[in-house]
Amino acid sequence: ILFFMITGFLLYGVVGWVLEILWTGLHSLLKKDFSLMGQTSLWMFPIYGMAVLLEPVFLLLAGFPPVIRGGVYMLCIYVVEYGSGWGLQRFAGVCPWDYSQSKYHIHGLIRLDYAPVWFGVGLFFESIFYHFLF
């Protein structure tokens with residue numbers, strides 16, 4: 001079981017990094033920056049890797065409709081995002097993201113308007129689990 005947890009942690013970490021680089025690169029279009037420069041932080045790898053902890057939730061929710069599963073994953077992602085951001089600020093003095101410029105932020109650590117994004121990311125990570133790890 002340890003092998004599968006390590007494999008999942010590594011896979012989710014890499015996939016999360018790739019998604020974040022794509023997201024930030026495409027987001028630059030809104031600023032008319034056609035370099036499409038994407039970025040991430042080394043801190044993000046273990047944060048995305050923690051999606052391995054969602055695997056029991058994937059199994060628990062297997063029979064539920066996607067709207068329920070995505071909603072639960074979204075809430076779990078918000079908890080991890082807030083907790084890891086708070087922890088990084090408290091213990092390392094830094095947080096790789098700052099959402100305080102958003103109208104819908106909570107303590108600059110989460111953005112409520114990202115709910116559809118986290119909903120989709122949760123379902124995407126679920127599909128990785130069922131297609132590659134399970």
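**Note on the predicted model**

1. Asp98 lies in the loop that connects α4 (66-91) to β1 (105-106). The model is a predicted one, and the remarks here should be read in that light. Because its relative accessibility is 49%, Asp98 falls in the partly exposed class, for which the upper limit is 50%. The side chain of Asp98 forms a polar contact with the side chain of Ser100, at 2.7 Å. Between Asp98 and Leu112, which are 14 residues apart along the chain, the C-alpha separation is 13 Å.

2. On the overall architecture: the protein chain contains 5 helices and 2 strands. Their order along the sequence is α-α-α-α-β-β-α. The C-alpha trace spans about 40 × 30 × 30 Å along its principal axes. The radius of gyration is 15 Å, which agrees with the value near 14 Å for a compact globule of 134 residues.

3. On burial and contacts across the chain: 38% of the 134 residues are buried. The protein chain exposes about 8400 Å², and 75% of that area is supplied by carbon and sulfur atoms. If contacts between residues at least 6 apart in sequence are taken, 66% of them join residues at least 24 apart.

4. Helix α1 covers residues 2-27, 26 residues in total. From first C-alpha to last, α1 reaches 37 Å, close to the 38 Å expected at 1.5 Å a residue. The buried residues of α1 are Gly8, Tyr12, Gly13, Val15, Gly16, Glu20 and Gly25. Among the elements that cover these buried residues of α1 are α2 (44-49), α3 (55-60) and α5 (115-133). As background, an α-helix has 3.6 residues a turn, so residues three or four places apart point the same way.

5. Leu11 is also a residue of helix α1. Is Leu11 buried or partly exposed? Its relative accessible area is 26%, so Leu11 counts as partly exposed. Apart from neighbours within four places in sequence, Leu11 is in contact with Ile128, Phe132 and Leu133. Gln39 is 28 residues from Leu11 in sequence, and the two C-alpha atoms are 19 Å apart.

6. Ser84 belongs to helix α4. With a relative accessible area of 12%, Ser84 is buried, since the cut-off for that class is under 20%. When neighbours within four places in sequence are set aside, Ser84 is in contact with Ile47, Met50 and Trp97. Ile47 falls within the residue range of α2 (44-49).

7. On the cysteines: how many disulfides does the structure hold? There are 0 disulfides. The sulfur of Cys76 has its closest cysteine sulfur in Cys95, at 19 Å, and this is too far for a bond, because a disulfide requires the two sulfur atoms to be within 2.5 Å. Cys95 is likewise in no disulfide, with the sulfur of Cys76 as its nearest cysteine sulfur. The accessibility classes of the two residues are as follows: Cys76 counts as partly exposed at 27% relative accessibility, whereas Cys95, at 19%, counts as buried. The value for Cys95 should be read against the cut-off, as buried means under 20%.

Terms used:
Residues are numbered from 1 along each chain as its sequence is written. This is a predicted model: local features need pLDDT of at least 70, side-chain atom pairs count only at pLDDT 80 or more; totals for chains, interfaces and linings use all residues. Side-chain values use heavy atoms; hydrogens and water are left out. Helices (H or I, at least four residues) and strands (E, at least two) are DSSP runs, numbered from the N terminus. Buried means under 20% relative accessible area, exposed over 50%, partly exposed in between (1.4 Å probe, protein chains only). A polar contact is a pair of N or O atoms within 3.5 Å; within protein, one must be able to donate a hydrogen and the other to accept it, and residues adjacent in sequence count only if both atoms are side-chain atoms. The expected span of a helix is 1.5 Å times one less than its number of residues. Contact means heavy atoms within 4.5 Å. The radius of gyration is taken over C-alpha atoms; the globule rule is 2.2 Å times the number of residues to the power 0.38. Accessible areas come from the Shrake-Rupley method with a 1.4 Å probe; for residues, only the protein chains shown count as cover.
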